[in-house]
Amino acid sequence: MTVFNRSWRRPGALVTVAAASALGVGLFAGPAVAHTPAWAVTCSEVSVDLVNYTADAENTVTLTVDGKELLPTETFGGEFHKKIELPEHTKELKLNLVVVDGSGNDGSLDDTKTAPVCEGTEPEPSTTPPDEPTPPAEEPKPEPEPSKTTAAAVPSSQPSPAGDDLAETGSSSTTPLIAGAAAVILVAGAGITWAARKRRTVGN
C-alpha cells in the first residue's frame with residue numbers, strides 16, 4: 001500500500017507544480033499587456049479609448065491641436081473613453097495625445113496624428129499676394145523742337161547792337177531851347193513896339 005500511495009503522490013505533485021507555474025506566468029504576463037492606449041482621428045472628431053489601467057493610480061490624459069489644448073489635462077482611473085469634435089478647419093490639423101500612466105508601467109503614450117480636411121470644405125485662401133507683373137520700360141519721348149515764333153517773342157537779355165536810339169517821334173532834346181529863344185524874341189519885340197509907341201506919343 002505504501003508503494004502504491006507513493007506512486008500516486010508523485011504525479012499529483014507534478015500537476016500542482018505545473019498549475020502554480022502557469023498561474024505565476026499569467027500573473028507576471030498580465031501587467032505587460034494590461035494597458036491599452038488607443039485613439040483615432042478623422043476629419044471631424046477624435047476618439048480616445050484607454051483601458052486596463054490601474055484604477056487607484058493617478059493616470060492623466062491631455063490632447064492638443066496645433067499647440068492649443070483641445071482636452072485639458074484630465075485624471076482617470078482604470079478606463080477612459082471620450083469623443084471630441086474638432087473645430088472646422090480648411091487645412092490639416094496636428095494633434096498630440098499625451099497619456100501618463102500613474103502606476104509607472106508601460107501605459108504612457110506621447111503620439112502625434114494629423115486630421116485631414118473634410119470633403120466639401122473650401123480651402124483657406126492664400127494670404128500671399130500674387131507676383132505682380134513687371135511693367136514694361138517706358139521709351140524716352142523725343143524732346144519737342146523750340147518754336148520759332150516763341151523764340152522771336154522772348155526778348156534777349158543781351159543789349160541791342162543798335163544802341164539806345166529810339167525811333168523819331170517828332171520831338172528832340174533841343175525843343176525846350178528853341179521854345180525859350182522864341183519866348184525871348186517875342187518879349188523883346190513887344191518891348192521894342194511899346195518903346196516906339198511911347199516915343200511917338202511924346203513927340204506929338
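In which sense do strand β2 and β5 pair, and over how many bridges? In this predicted model, strand β2, which spans residues 45-51, pairs with β5 in the antiparallel sense, and 6 bridges connect the two. This pairing belongs to an open sheet of 3 strands, arranged in the order β1-β2-β5 with antiparallel pairing. The edges of the sheet are formed by β1 (36-41) and β5 (80-85). Each of these has a single partner strand, so one side of each is left without a neighbour in the sheet. From one strand to the next, the twist averages 5°. In general, the strands of a sheet are held in pairs by backbone hydrogen bonds, in either a parallel or an antiparallel arrangement.

Individual residue pairs show how the strands are aligned. Between β2 and β5, glutamate 45 stands opposite glutamate 85, while leucine 50 has phenylalanine 80 of β5 as its bridge partner. On the other side of the pairing scheme, β1 and β2 run antiparallel and are joined by 6 bridges. Here alanine 38 has aspartate 49 in β2 as its bridge partner. The strands β1 and β2 form a hairpin, with 3 residues between them.

The loop between β1 and β2 also contains cysteine 43, one partner in a disulfide. A search of the whole structure finds 1 disulfide; cysteine 43 and cysteine 118 form this bond, with their sulfur atoms 2.2 Å apart. The link joins distant parts of the chain, since cysteine 118 lies in the loop between β7 (109-115) and α2 (148-153), and the two cysteines are 75 residues apart. The torsion about the S-S bond is about 100°, and the disulfide is therefore right-handed. Cysteine 43 is partly exposed, with a relative accessible area of 23%. Cysteine 118 likewise counts as partly exposed, at 22% relative accessibility.

The search of the whole structure also finds 1 salt bridge. In this interaction the side chains of lysine 82 and glutamate 74 meet, with a distance of 3.5 Å from N to O. Lysine 82 counts as partly exposed because its relative accessibility is 33%. Glutamate 74 is also partly exposed, its relative accessible area being 29%.

Glutamate 74 is in addition one of the residues in contact with threonine 60. Threonine 60 lies in strand β3, which covers residues 59-65. Its relative accessibility is 16%, so threonine 60 counts as buried, the cut-off for this class being under 20%. Neighbours within four places in sequence being set aside, the contacts of threonine 60 comprise Thr73, Glu74, Thr75 and Phe76, together with Val98, Val99 and Val100.

The confidence of the prediction must be considered alongside these features. The mean pLDDT of the protein is 74, and 59% of its residues reach 70 or more. Over residues 1-8 the pLDDT is below 50, and this stretch has 0 contacts in the model beyond near neighbours in sequence. For residues 11-33 pLDDT likewise stays under 50, and the model has 0 contacts beyond four places in sequence for them. Where pLDDT is low, the predicted coordinates should not be interpreted in detail.

Note on methods. Residues numbered from 1 in each chain as written. Predicted model: local features only at pLDDT ≥ 70, side-chain atom pairs only at ≥ 80, totals over all residues. Heavy atoms only, no water. Helix = DSSP H or I, 4+ residues; strand = E, 2+ residues; numbered from the N terminus. Buried < 20%, exposed > 50% of the residue type's maximum accessible area, 1.4 Å probe, protein only. Contact = heavy atoms within 4.5 Å. Pairing = 2+ DSSP bridges. Axes fitted to C-alpha atoms, helices over the stretch in contact; angles between N-to-C directions. Disulfide = S-S within 2.5 Å. Salt bridge = Lys/Arg side-chain N within 4 Å of Asp/Glu carboxyl O. pLDDT = per-residue confidence, 0-100.
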